[in-house]
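Take a moment with the sequence and the fold before reading on. The walk-through below moves from a covalent link to the strands around it.

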Amino acid sequence: QVQLVESGGDLVQPGGSLRLSCAASASVARLHPMGWYRQAPGKERELVAAITSIGNTKYADSVKGRFTISRDNAKNSVYLQMISLKPEDTAVYYCNAAHGLGFLSDRWTWGQGTQVTVSS
């Protein structure tokens, strides 16, 4: 079983930037498409960005042009660079194997996530 640890969330003003990090406990993660999900209060968890093992990416329309997903397979890590943040980006962000945006990977147990709050 792969364990996932997300970090980097914070309180940021609208228009600000953040970089989230996700560390996976096992090298098997580098073989899988990975994704960043978010869950806002009262809403379902959604996949917002995904990246294949070789670096091809896909994004939800709501974040396209503002979020960039990347990975470092040597470190079993995935990152999410977020710019031009909006209040509607406020959510708990999680990483996991990508399921959605055209990907069908089985997901592992969820980590604790990292809180992103966009507010003035």
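What follows covers the disulfide, an open sheet, and one strand with its partners.

The model is predicted. Start with the covalent link. The structure holds one disulfide. Its two ends are C22 and C95, with an S to S distance of 1.8 Å. The link is right-handed, with 50 degrees about the S-S bond. C22 sits in strand β3 (residues 18–24) and C95 in strand β9 (residues 91–97), so the pair ties together parts that are 73 residues apart in sequence.

Are these cysteines buried or exposed? The cut-off for buried is under 20% relative accessible area. C22 has a relative accessibility of 2%, so C22 counts as buried. C95 has a relative accessible area of 0% and is buried too.

Now follow β3 into its sheet. Four strands form this open sheet, in the order β1-β3-β8-β7. The pairing is antiparallel. At the edges stand β1 (4–7) and β7 (67–72). Each has a single partner strand, so one side of each is left without a neighbour in the sheet. Neighbouring strands here are turned by 15 degrees against each other on average, direction ignored.

Look inside the sheet next. β3 pairs with strand β8 (residues 77–82) in the antiparallel sense, over six bridges. For a landmark, find A23: this residue stands opposite S77 in β8.

The other end of the disulfide, C95, leads to β9. Six bridges join β9 to β4, and the two strands run antiparallel. One pair to locate is M34 and its bridge partner in β9, A97.

β4 also pairs with strand β5 (residues 46–51). This pairing is antiparallel as well, over five bridges. Here G35 stands opposite A50 in β5. The two strands form a hairpin with six residues between them. In the turn, G42 has a positive phi of about 80 degrees.

How many of the six residues of β4 are buried? Five are, so the strand is largely enclosed by the rest of the structure.

One residue of strand β4 (residues 34–39) deserves a closer look: R38. Its relative accessibility is 7%, so R38 counts as buried. What does the side chain of R38 make a polar contact with? The partner is the side chain of Y93, at 3.1 Å. Beyond residues up to four places away in sequence, R38 touches a list of residues that includes E44, R45, E46, E88, D89 and Y93. Also among them are V48, V63, F67 and V92.

Notes: Residues numbered from 1 in each chain as written. Predicted model: local features only at pLDDT ≥ 70, side-chain atom pairs only at ≥ 80, totals over all residues. Heavy atoms only, no water. Disulfide = S-S within 2.5 Å. Buried < 20%, exposed > 50% of the residue type's maximum accessible area, 1.4 Å probe, protein only. Pairing = 2+ DSSP bridges. Axes fitted to C-alpha atoms, helices over the stretch in contact; angles between N-to-C directions. Polar contact = N/O pair within 3.5 Å; in protein donor to acceptor, adjacent residues only side chain to side chain. Contact = heavy atoms within 4.5 Å.
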